[in-house]
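Me: Could you take me through this structure? I would like to go topic by topic.

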Amino acid sequence: MLSSCRDEDDTPDIPPTAKQTVLMYMPWSDNGIYPYFLKNISSFETAIENNQGLGDNALIVFISENSTTSYLININYEHGGCVRDTLKTYSFVECDYTTASGIASIIEDAMSASPSDKYAMAIGCHGMGWIPAGTHVPTRVAMAAKQKHGIQLTRFFGHSSDSDYQTDVTTLADGIKLAGKKMEYVLFDDCYMSNIETAYDLRGVTNYLIASTCEIMIDGMPYAEIGIDLMNNNYKGVVDGFYEFYSNFDPPCGTIGVTDCREVEQMALIMQQINMAYPTGVHDLSGLQKLDGYTPTIFYDFGDYVSKLCQDPSLLAAFHNQLNLLVPYKAATKTYYSMLTGLETEIKNFSGITVSDPTINKNISNEVKQTNWYKATH
C-alpha cells in the first residue's frame, strides 16, 4: 500500500489552481533506464529555466528508484532555477503501479497536490506497443560489428521479461478512468507506442496520444526542446522540436506522431467497411512499410497498409481524409533505427501511426485478434 514519509509540519501549501498540470510518470522499469529518467527530469527543468518559469502550469513527477520505492515530486521555479519538493514517498509491497487502482491512486495524489483545470501525462518506461503484458516475443540483438554505429541503446533495450513490472495499455486506461479526469494528452516516451490499437484503447481517457511509431533512442524525448510546448499543448511545436533534435542525432533516426483520439471511432467505422470489402488482407507483405526490428514484422505503417489493401477509390479517399484528422502532426527522419537489427531502415511511407493487422508473427498472431481495435474493425 502507499505510505508517506513526509513530516506533517513539512507539508507544502496546496497551490492555486493551475491552467494545466503535466505528470511525468516513470514507474520502475530497470536499472539501465533509470539514469536516463533522471536526465529527462533535468532536461524538462532546463526548458522551464530557459522559459523563466512554468507560466500558469505545473509539473509533477512520479518516479521509482527501484521496484519498491517511488516518489512524488513537485517541480517549481524560484529565483531563476528549478526547485524539487518531494511530496510523498511510496513503499510498495507489491507493484501497485501496474494495477488500475494503483495508477489511479498516483494520479489522484498528483491532482491533490496540484489542482488544475487540465491534466496531461508523459510516461517514461520501456514499450512494446499494444502487445499484452507477459507476452514473449523472441528477439536477437544484432552484433555491434555488423553495422557502422555499433549497437545503439533504445528504450526497447532491457525491457523486463518479468511481467510483474509490465502494464497493459488497457490497465492504464482503466487507471486514468478511475482517477476521474480525462487527459489532454498521454505522451509515451517509450518504443512502438504510436499505434492504432493503443489509440483505440485510450480514446475514452485522453484527447491526444503522442508517441513514436518505432524504437525511441535511450535518451528519450528531448524535453529541453519541447517541454514548454508540452506545457502549452503546442503539438506542432512538440513534433518540430522532436524532429530537429533527432535529425541531428547520431544516428539521425526518430519518428513521432500526434494522434487525435477523438477521431478513432470514425476511423474504426471506415476500417470496418474496408475490411469487409477486402477480408483476405494484403497477400504480399514484402512491399509494406515496416517500422520495427521484429522478424516477422509486427508494426506496419497504417497509411501504407490501407493504401495497398483498399482498391475502392471512394473508400480509400474516405480513409485518407480521416487519417489526416486522426494524425494531424507527424514527422520522421529518412531512416529509423532498431537495436534488434542494429540497422537503419529507410522510411518511404510514413503516416505517423502503425497497425498490426497484417502481421504473420506467430508469437502475437492470436493476441492481435483479441485487441479491441481488431474486434471493432473486423
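The exchange below covers the sheet, some backbone details and the nonpolar cores.

Me: Before we start, what kind of model is this, and how are residues numbered?
Reply: This is a predicted model, in which local features need pLDDT of at least 70, side-chain atom pairs count only at pLDDT 80 or more, and totals for chains, interfaces and linings use all residues. Residues are numbered from 1 along each chain as its sequence is written, and side-chain values use heavy atoms, with hydrogens and water left out.

Me: What is the strand order in the open sheet?
Reply: The nine strands run S4-S3-S2-S1-S5-S6-S7-S8-S10, with mixed pairing. Strands (E, at least two residues) and helices (H or I, at least four) are DSSP runs numbered from the N terminus, and two strands pair if DSSP finds at least two bridges between them.

Me: Which strands are at the edges?
Reply: Strand S4 (81-91) and strand S10 (329-332) are the edge strands, each pairing on one side only.

Me: Do S2 and S3 pair in the parallel or the antiparallel sense?
Reply: Strand S2 (residues 57-64) and strand S3 (residues 69-78) pair in the antiparallel sense, over six bridges. Leu59 has Ile75 in S3 as its bridge partner.

Me: Changing topic: where are the cis peptide bonds to Pro251 and Pro296?
Reply: One joins Asp250 and Pro251, with omega about 5 degrees; Pro251 lies in the loop between helix H6 (235-247) and strand S8 (255-260). Another joins Thr295 and Pro296, with omega about -10 degrees, and Pro296 is in the loop between helix H7 (264-277) and strand S9 (300-301).

Me: What about phi at Gln52?
Reply: Gln52 is not a glycine, yet its phi is positive, at about 60 degrees. Gln52 sits in the loop between helix H1 (34-50) and S2.

Me: Is Gln52 buried or exposed?
Reply: Gln52 is exposed, at 63% relative accessible area. Exposed means over 50%, buried under 20% and partly exposed in between, with a 1.4 Å probe and protein chains only.

Me: And the largest nonpolar core, which residues touch the most other members?
Reply: Among its 61 residues, these are Phe302, Phe319 and Trp373. A nonpolar core is a set of buried Ala, Val, Leu, Ile, Met, Phe, Trp, Tyr and Cys residues joined through side-chain atoms within 4.5 Å.

Me: What is Phe319 in contact with?
Reply: Leaving aside neighbours within four places in sequence, Phe319 is in contact (heavy atoms within 4.5 Å) with Met267, Ile270, Met271, Ile274, Phe302, Gly303 and Val306. Another core, of 54 residues, lies apart from the largest one and includes Phe37, Ile75, Trp130 and Tyr192.
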